[in-house]
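Reader: I am new to this structure. Could you take me through the reasons behind its labels?

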Amino acid sequence: MMHDSCGVQMARTLKHAALCLMLLPRFLLAAVMLWLLDFLCIRKKVLLKMGEGQDSPDDPPVCVSDSNKMFTLESLRAVWYGQKLDFLKSAHLGSAAPNTEVMLIHERRQVRILDCMKGKRPLILNFGSCS
C-alpha cells in the first residue's frame, strides 16, 4: 500500500517537473519582454503610442513613471499561471474537439457533447449570459 502511494507521488512529481521544463522557455520569453518594457524609454514609446488612439476626453492621461513597472513578482506569477492554464487546456487549435459531458436541460440527463451532432452538420454551442 505504501509502495503504491510512493509510486503515485513519484509519477506526479515527474509530471510536474516535465511540465515545468516544457513551460520554462515560454515563461522566460514573456519575462524578458516584461523586463524590456520596464525600460523607461521603451515603456514611454509603447504607452504613448497606445495613448494616441485615445481621443475620448473621459480617458485618463497616459502616465509613464518608475512606479508603474511591469516586471514584478505578481506579473511573473500571472504569466506562469496563464502559461500553465494554456498548456493544460483540453481544446487545441487544429485538434479534435473534446467530447465532454453536458446536461440537456429539457430532458434532465447528461450526454456527451458530440452526441448532439446530427449527421455532418456543424454543432453550434451558445453560451448565453444572465447579466
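**Reasons behind the labels**

Author: Start with Ser75, which touches Leu34 and Met70, leaving aside residues up to four places away in sequence. Bear in mind that this is a predicted model.

Reader: What makes Ser75 count as touching Leu34 and Met70?

Author: Contact means heavy atoms within 4.5 Å. Ser75 meets that rule with Leu34 and Met70. Ser75 itself sits in helix α3, residues 73–88.

Reader: Why is Ser75 called buried?

Author: Buried means under 20% relative accessible area. Ser75 has 18%, so Ser75 counts as buried.

Reader: Why is Cys6 called partly exposed?

Author: The partly exposed class lies between under 20% and over 50%. Cys6 has 42% relative accessibility, so Cys6 falls in that class. Cys20, with a relative accessible area of 36%, is also partly exposed.

Reader: How many disulfides are there, and by what rule?

Author: The rule asks for a pair of cysteine sulfur atoms within 2.5 Å. By this rule the count is 0.

Reader: How do you know that strands β1 and β2 pair?

Author: Pairing takes at least two bridges. Strand β1 (residues 101–104) and strand β2 (residues 109–112) are joined by 4 bridges, so they pair. They run antiparallel. Met103 stands opposite Gln110 in β2. The two strands form a hairpin with 4 residues between them. In the turn, Arg108 has a positive phi of about 50°.

Reader: What kinds of residue make up the lining of the largest pocket?

Author: The lining divides into 8 nonpolar, 2 polar and no charged residues. Among them are Met103, Ile113 and Phe127. The volume of this pocket is about 200 Å³.

Notes. Residues are numbered from 1 along each chain as its sequence is written. This is a predicted model: local features need pLDDT of at least 70, side-chain atom pairs count only at pLDDT 80 or more; totals for chains, interfaces and linings use all residues. Side-chain values use heavy atoms; hydrogens and water are left out. On a 1 Å grid over the protein atoms alone, a cavity is a set of points where a 1.4 Å probe fits but cannot get out, and a pocket is an open set with protein on both sides within 12 Å along at least five of seven lines; lining residues have an atom within 4 Å of a point. Grid points are joined across faces, edges and corners, and a volume is the space filled by probe spheres set on the points. Ala, Val, Leu, Ile, Met, Phe, Trp, Tyr, Cys and Pro count as nonpolar, Asp, Glu, Lys and Arg as charged, and the others, Gly among them, as polar. Buried means under 20% relative accessible area, exposed over 50%, partly exposed in between (1.4 Å probe, protein chains only).
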